[in-house]
Amino acid sequence: MEKSGNSPTIYDVARAASVSIATVSRVINSPELVNEKTRNTVLQVIDQLGFIPNYLARGLARKEIGHIGVITPFFTIPSITQRLSGISNTLMDTPYNLTIFPVDSTKRLENYYAELPYSRFIAGLIIITLPINDLSLQRFKKNDIPILTVESSVPGYPSIEYDNRYGGRLAAEHLIRKNHLRCAFIGNSRIPEYTISQEEDRFEGYRQTLLSHHIDLPDEYVKLPDLISHDQDRQIHDLLDVNPPPTAVFTSTDELALRVLDVAKNRGVRVPEDLAVIGFDDIAIAAYLKLTTISQSLFESGKLAAERIIAHIKNPTRPEENSFIKLKLVERGST
């Protein structure tokens, strides 16, 4: 594909894509105004030509105010909102605003990755528990938009990660110290394909630690309900109906643990006398309900993510930093 001169222009893109200059401009600045087929054609040409939009306007704008984008699934659940609060709190005293891009499908995630690098809207991007492919990484890099990932890692990019197997191990060791021999696990099934699930690692850390202490985790003690609450309640009831019932349960999220507490209360099962319960996340309500849980330091991790992305905006040559936040067990009344 021919280019005019050494550096391709918006005219080259328009010519190669068989669209007007105005259409190319809309794809870059207001992609939602362009139909998907045309948008994808223009973006493909931009990638092929190596076209880089004019940075002058964006560079001037960044000196006064900018936007930090956060792409995240499930942005209304407590664990995500708590982390977003940490990001927002950190940005309050900076020239950056927080803009959230919620993901509810693979298509929406792909659209964000196709459009945001050319939109001139964000100065930096935080990606929470979502994958990103090489082409998308190249687009952001070409447009000088730094990226930081949370709960995943991408070689060559800064990240904030957790050892989820260690979290499962902490839960098992705590129950073992409490002399529990009938230990169960509840996790979520059918995690959307566009997310990165950490639940399997939490389960494996838990299971392997129990096995190392000669405590079996039979299939009837493992429940993987759908995200919908009525299926969660049904499977929790099924678990408590097993003969003999478990004396302890570790759940992959605090939300699941709260469902267990509610079902147990309605059945007259005493916590922790009849059933010990451990969650994962340490959301704000966990302390109020006296839930023992594995803390991710959600608010603090959000603050760290915001601080790191701003540092990379100010200094693009800054070395990548991959931080592991140490998980800890917070013991409360449920165990």
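**Two sheets and the helices on them**

Six strands form an open sheet in the order β2-β1-β3-β4-β5-β11, with parallel pairing. This is a predicted model, in which local features need pLDDT of at least 70, side-chain atom pairs count only at pLDDT 80 or more, and totals for chains, interfaces and linings use all residues. Residues are numbered from 1 along each chain as its sequence is written, and side-chain values use heavy atoms, with hydrogens and water left out.

Me: What makes β5 and β11 a pair?
Reply: Two strands pair if DSSP finds at least two bridges between them. Strand β5 (residues 159-161) is joined to β11 by 3 bridges, so the two count as paired, and they run parallel. E161 stands opposite F324 in β11.

Me: Why are β8 and β9 called strands, and why a pair?
Reply: Strands are DSSP runs of E with at least two residues, and helices are runs of H or I with at least four, numbered from the N terminus. β8 covers residues 248-251 and β9 covers residues 276-281, so each meets the strand cut-off. They share 3 bridges in the parallel sense, and therefore pair. V249 stands opposite V277 in β9.

Me: Which strands are the edges of the sheet β7-β6-β8-β9-β10-β12?
Reply: The edges are β7 (222-223) and β12 (328-330), since each pairs on one side only. The pairing in this open sheet is mixed.

Me: How do you know which way α9 runs against β6?
Reply: Axes are lines fitted to C-alpha atoms, for helices over the stretch in contact (heavy atoms within 4.5 Å), and angles run from 0 to 180 degrees between N-to-C directions. Helix α9 (residues 199-212) makes about 175° with β6, and lies across β6, β7, β8 and β9.
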